[in-house]
Every structure is written in structure tokens, then in C-alpha cells.
Amino acid sequence: MSAKVYDAESKQPVPFATVRFSIADRGTIADLDGVFVVNEPDAGIKWVEISCLGYQPLKVTIPFTSNKVYLQRTANGLTEVVIKPPFDKIRRILNAAIANKSSNNPDKYDWYRCKVYYKMLADISLPDSVLNDTGKDAKEMRDILATQHLLMSETYSIRTWKQPQQLQEEVIGSRFSGLKKSLFTGLITDVLPFHAYSDYIQLNGKDYHNPLSKGYDQYYKFDIVDEISQGNDTTWVLSFKPRAKVLNELKGTLYINSDGYAISHFIGSAADTILKRVVRIEQQYEQVMADGAKHWFPSRLNYIIEWTQKTKKSSMTYHLKGNSRIDSVRFKEDDNFRFDKRHTVKMMDDADQLQDTVWKAMRPEVLDSKEARTYQMVDSFGDAKHFDRFMSYLSRLPEGKVSIGKFDVNLLRIFQSNYYEDYRLGLGLQTNEKVIKWLSVGGWAGYGTRDAHWKYGVFTELYADKAQEFVFKASYTDEINDPGRVHIHPDLDQNYLNAYLLNRVDQIKTYSLGIKKKLGYWSLELTGRQQDIVPKYAYAFEHNGVDYTAFKANELSLSFRYAFAERTAPFFGRYYTLGSKYPIVYGKITAGNLQGVGTDIPYTQIAAAISWQKHLNRIGNERFLVSAGKLFSNDQLPLGKLFAGNGYRYDQNGGLSVYSFGGMLTMYPYDYYTDQFVNVIWRHDFDSKLYKFTVPGSSFSSAPYIALQYNMLYGTLQHRETQKFVAFGVPDNAYHEAGILLNNLVKLKYLNLYYFSFNAGYFYHFTPVTDLNKNGKIVLGFDVQF
């Protein structure tokens, strides 16, 4: 016989309730839906006691008079089982479970494959003003939300894993209410954590310390709230919550099974009291015997977000619940399977066009009437309001573009600002797939208000594959660029502060032909270009006793990017990165020939960089960017072909400076030039918050944490006397600076959706003579947090 446990107030299922039998310490645990089973052979069971953290225990006699059991919440939502927890026993259980993490962690298995069904439901809780309103409109709204969900989506995929770090998710079916085509689908398990064995559990983009990791006692207090015998095994139910002085960590319940000291169930939640948001995960594991191997493996995964939006008159709560069902687990490697390293998530052909009969066969359970009505009503509404057409407008937003009819408008070309031009007003357009799917033709133009000159360009792109990862491009541009800026890869150039500091420029007219292609974890681009270069500042390059103020250059460049085990997911037909846990390597090799200086000067320029960011347990967040370059030539080259120091100092006329990672904060952009260099940027963010302060009833809060940073630039330059009329230095004694930052010093919530976070710090450039005023710099920064 079976029954289902519900919350008496909300009428929602209570997951993982403990069901203790009347026979000496024996029992079972309800599943994620609150369902538990008492088998008929369990003779002698006269009653069961059902309990769960935060609820009053309830004793129910056998046989059940109803298959629904309702638990009442305790007055304070948390009942302490004992005054002093058995610390030695808790430590023994947790240490044993930590010691066995590698044996039970799916990421440590050599190979597995499983099928994953994912369903997302979005709902809304109406404010009291609507619930109590007797008007017709309010009644219609209540009736609608009582019979259907706000939104719904489903995904069915096959997930394959192989060591080391090879992951493939083949999406067989994808459906989103209101849309005919599934224009976006992510790696479900990057949004919904696939297991609770990592050192950090990421919820809503934030890292939380895993209570089952080394150093747990620094962050969490534990208690044993129950202990259940199931057959020959015992399950210990441990509650955990943050220590008094620890901020922004999880609280919940951890279930450890004595068979392998594995996690059998896990509940963890994080609450943001300012944004009125609660994020919660619920995970259920089972022992799977397949292909001669037995492993603990996730079977059910829930991800829940509740977000309350308050106004002066009322409040409204949004509910988002994602549920994954995992089955058909295999552990024997398929030798014929090939991973597509370019595309972690692969949308199979017609995945969003499946018939209802196919979906019925894939679903683990039939849609209820409310879910079925959601598809019916939202799809109908989407057709009437042209949801697909509206979404197509946003399809290029990750690239800074919007689609309008047959053209994509480049939003980044409309307005720009820098020191040299002051403001640049312009427009960029290119044709999209509505004209020709495999070809795009475009152009752009912009006018600088300070220098009173137009810059413009035209281009055409030929796409050799559907995902536009194999592209041929031809272009002509008349543009400005700062001389010597090190351009290794676009990933490293996406810095708005860097662009704003443009103050010294070369006007460059460029004809170029290029080809780029993604090969596994590699991204390659080969470009040939012809340039006419005219410095727009007081400058001359002396060569063989003659001063030159204009040059020509022919170049062939090969740039590459290598990101091992990078995760990618489709969005509107394009694949975008979800990041990598490993260092990303960039490089660029340029062979060129300088003309217009009396004789041709051949040269080779090599530059490379490595970027890595890692959250290390009990240490904090480490971030590195190391770059280096060398110029090979038998003769001297003008300033624009050297390497400029990446100075980020912002204050042209004194005052405060702006912080951005990736550059030297006490150095101006054109202070140093080299023909070979090494640049190291390192930053360490401590996990611990100094304090947490909020002003009741306001949008202001403060929860600062410390970050330390060290930057170094070393380089040399031969025959600097050939660079005339410009002042600069050479960091041949190395340029060192260090700084301290207070991040989240001020946090202001905006629209109850996210925070504007303001940071402050101090950087100092080390010289033989200490001078805090001259060498020190106060920096300010800000970011957006969800």
C-alpha cells in the first residue's frame, strides 16, 4: 500500500519525508513527490510515523484510511531534535561520505549514458487584492490560473559522459508553450545541478559551499534529525544550516546511506531576503545495476525558484519549477559513439516538431489536465500574438544585434564613446537568413563628433555550415585603432573600458580576406590583409635617416583558441559557450611585410595568452590572465607594429579611476611600448564576507568581501630612438603593482530583479621611491548581480 505526503497549508507534496515503521527503527523515505510504499510482506506493522524537518510528526495506523497524508508545519518552521548534537557521530558519517565521494560522483565514472526528461512549469500567486476582488476580471484571472500554468516546457534528451570531461546531450524532443519552434534550449544540467558531489553547488549563477565537502565545519552546523534502517542499510538524515557568522550559504537536509556512504537524497535552499527570492534544489538518488556495474546515480532532480515582487499595495509571487526524471542508465561504453566536441548540446533534426504520440511515449507520466490545457491555451495565445515573430527579433541579442525583417541591426554601432572621438553616432546593417541562408552582406558607418570624420566598412560572409561556425569573409574598412594595442582574440578584447580609453589613433584602411572554423575544442581563423596606415598624432618613424609618417603593410595571421571540455548550447540556431573548468589558451601568429619606408621590412609577430578562473574549496576564487608576445624582425618597425602596455588608468585629468580586470590599473594606455613582453594579471577573491548590513524597507545593503590583485608587465625594446615625437617608457625593469578591493561595498536592488553592486579599491605602483600620491590610485567599479 502507498500514500502521498502533503503540506497541510500549501497542499504541495513534501519530498523525502521519513516514514518510521512500528517495528524497531525500520522504515522508508518518501520520494521527491512525497510518495512512500509500505510493502505487504512487512507483517506486524501496525502504524507508521511520518516526519520531516519543519513539520509536526504524524502517526498513521495501518491500513491507511486515505492515500493522502497532511503534515502541519511547526510554529517556527524548525524543530531541534536534541539539545546537543552527537558531534562525533556526525563527523564520522560526514568524513566517511567525503572519503567516498569519488566512488559515488557521476563525474568520476568512466562512462555512462542515460535518458533525461525535463519539465518546467511557471506559475504566479495572485495578490490578496485580486483574490478578494469580486469583479468579473479578477474572477476570470483566478479561473485561468486555477486551470492552467503560466508557461510550460519539456525536453527529452540522451546524456552521454566519458572521462575525462566529455559530455554530450542529444536533444530528441523540445517543446516550449507559445512557440512553434524551440528557438533556445540549454544544457539542462548546467541550470539544474546534476548531482551534489562538487565542492560548490551553483544556484542561479552563484556558488555555495557544498555541505558535503572538506572544511564543511567552517561553514555549516549539522544535526542528526533521524536514522532509518532499510533492509541491511541505514540512512542518516542530517540537517544543516550556516554558522552564525557565515553569510550566503545553504540550509537543508542531507541523507547519507550506509551502503557506500552515498547521498540518497538532498535538499538545499538559498534565500535572498532583499530580493525576496528563494532558490531550492531537491535531489533523489538510486542504486543502479547495469552492465555488470552498480553505482549510485541521480534519478530525480528538482530546481525551484520563488520570487516575490512587492509594491506598496500588494505582492505577487512567481514560481518556477524544473523537474528532471533520469532513467535507462548504462555504464558500458559504446565504442561506436563519437562525441561532438563543438556542440555539447545537440538539437536533433525536427526535435521541436514531434507529434503528440511521440511525446506521450517519451513522458514518464501522462500530462495532467492543467498541463495539457497550458499547451492548448498558451500555444493559441502565442499564435494570435505572434510570439515566434517577436522572438525572432531577439535572436541575435547575444551578438549585440536585433533582427528587423530581412536585416540584422548592430546595436553596438549606434553609439560609442571614447576620448578621441568623444561620441560616435552610426549604424550597422547586414542581411540575415530571410534573404539568403548561406550568405550575408552588410556595412556600417559612424561619425566622430570631436574629430569630425566618418569611419565605415563593408563586408560579406559566406556560411559553409548551418551553425555558422565555418565562415568565409571579405571586407573593406576605413577605421581608427590605437597603435600597438595587442589583439590576440576577440574574447580578450571585450572590454568597454579599454575601448573608451582610445586617445591616440592610427587611421587604417584595410582590405581583408579570411576564413574561420571550429574544430572540436579548437577555434581557428586565418586572415590575409592589406593596410594603409596613417598616424593621426605627432609621430614619425625614422628609418635609414629618413622620417616616415605613413606606411603600408601586408599581413597573414593565424589566430587560435583552445578550450578543453568547453560546454556549448544552442540559442536561436547558433552555439554559445557555457564556459570551461580548464584554462583557455589563445594565440596569434602574424607574418607581415612593411612597405613605404624606403625598403620592405619583413617581420613575424607572435602573441599568446592563457586565461583561467577556478573556485577552490576553502581558498576562494582564483583568476589568472597571462599574456606574452615577441616580435621577430631584422629591422626596426613603427610604433603601431610594436606591443603597447595594456594600461587601464582612466583619470586623464586626475581624480578617481575605473576598475576592470585584465589591465594595469596605475598605468596609462600609451605609457610603455615593447618588442617583447610578458604580462601577468592575478586576482584572488576571498569567500568570507566582512559583514552584512541592510537598511530595513530600503533597496540598500552592504556585504563586502576582499579581493587581492597583483599585476606585472615586463618587456624590452631595441632602438627606441627610431620612434620620434612621442614619449613612452620601456618596462625593462618590470612594472609591478598590487591592489586591494572591497567588492559589494554597496548593493542597490533594482526593480526587485537584480543588484547594482559598487566596489572600491586601492592600487599602488611599486618604485624605488615610495610616493603614495603619485603611485597610488583609488579605483571604483560596479557590476550587475542576479
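**Figure 1. Salt bridge between Lys518 and Glu566.** In this predicted model, Lys518 and Glu566 form a salt bridge, with 3.7 Å between the closest N and O atoms; a salt bridge is a side-chain nitrogen of Lys or Arg within 4 Å of a carboxyl oxygen of Asp or Glu. The pair links distant parts of the chain, 48 residues apart: Lys518 belongs to strand β28 (residues 506-519), and Glu566 to the loop between β32 (551-563) and β33 (567-571). Helices (H or I, at least four residues) and strands (E, at least two) are DSSP runs, numbered from the N terminus. Lys518 is buried at 11% relative accessibility, and Glu566 is buried at 5%. Buried stands for under 20% relative accessible area, exposed for over 50%, and partly exposed for values in between (1.4 Å probe, protein chains only). This is a predicted model in which local features need pLDDT of at least 70 and side-chain atom pairs count only at pLDDT 80 or more, while totals for chains, interfaces and linings use all residues. Residues are numbered from 1 along each chain as its sequence is written, and side-chain values use heavy atoms, with hydrogens and water left out.

**Figure 2. Largest cavity, with Glu566 in its lining.** The volume of the largest cavity is about 60 Å³. Its lining consists of Gln165, Gln166, Leu167, Gln168, Phe339, Asp340, Lys341, Thr344, Tyr521, Ala565, Glu566 and Arg567. Strand β10 (residues 166-176) contributes the most, with three residues. The lining divides into four nonpolar, four polar and four charged residues; Ala, Val, Leu, Ile, Met, Phe, Trp, Tyr, Cys and Pro count as nonpolar, Asp, Glu, Lys and Arg as charged, and the others, Gly among them, as polar. A cavity is a set of points, on a 1 Å grid over the protein atoms alone, where a 1.4 Å probe fits but cannot get out, and lining residues have an atom within 4 Å of a point. Grid points are joined across faces, edges and corners, and a volume is the space filled by probe spheres set on the points.

**Figure 3. Second largest cavity.** The whole structure contains two cavities of 30 Å³ or more, and the second largest has a volume of about 50 Å³. Asp506, Ile533, Pro535, Tyr537, Tyr539, Phe551, Pro638, Leu639, Gly640 and Lys641 form its lining. Seven of these residues are nonpolar, one is polar and two are charged.

**Figure 4. Further salt bridges.** The structure has 45 salt bridges. Arg396 and Asp408 meet through their side chains at 3.7 Å, N to O. Arg396 lies in the loop between α8 (387-393) and β21 (401-404) and Asp408 in strand β22 (residues 407-410), so this salt bridge ties together parts twelve residues apart in sequence. Arg396 is buried, with a relative accessible area of 5%, and Asp408 is buried at 5% relative accessibility. In helix α1 (residues 87-99), Arg91 and Asp88 are three residues apart, or about one helical turn; their side chains form a salt bridge at 2.6 Å, N to O. Arg91 is partly exposed at 40% relative accessibility, whereas Asp88 is exposed at 59%. A network of salt bridges links Arg413, Glu421, Arg424, Asp451, Lys455 and Glu479.

**Figure 5. Nonpolar cores.** A nonpolar core is a set of buried Ala, Val, Leu, Ile, Met, Phe, Trp, Tyr and Cys residues joined through side-chain atoms within 4.5 Å. The largest core has 56 residues, of which Leu203, Phe222, Leu254, Ile263, Phe297 and Phe331 touch the most other members. Leaving aside residues up to four places away in sequence, Leu203 touches Pro193, Tyr208, Leu250, Ala270, Val279, Ile281 and Tyr303, where contact means heavy atoms within 4.5 Å. Another core, of 53 residues, lies apart from it and includes Leu631, Ile681, Leu717 and Phe763.

**Figure 6. Backbone geometry in four loops.** Most residues other than glycine have a negative phi, and most peptide bonds are trans. Ile62 and Pro63 are joined by a cis peptide bond, with omega about 0 degrees; Pro63 is in the loop between β6 (58-61) and β7 (68-71). A cis peptide bond also joins Gln163 and Pro164, with omega about 0 degrees, and Pro164 is in the loop between β9 (151-162) and β10. Gln468 has a positive phi, near 55 degrees, and sits in the loop between β26 (454-463) and β27 (470-481). Phe725 has a positive phi near 70 degrees, in the loop between β45 (723-724) and β46 (735-750). Gln468 is buried, with a relative accessible area of 18%, whereas Phe725 is exposed, at 58%.

Technical notes:
1 Å grid on protein atoms, 1.4 Å probe; cavity = no way out; pocket = protein on both sides within 12 Å on 5 of 7 lines; lining within 4 Å.
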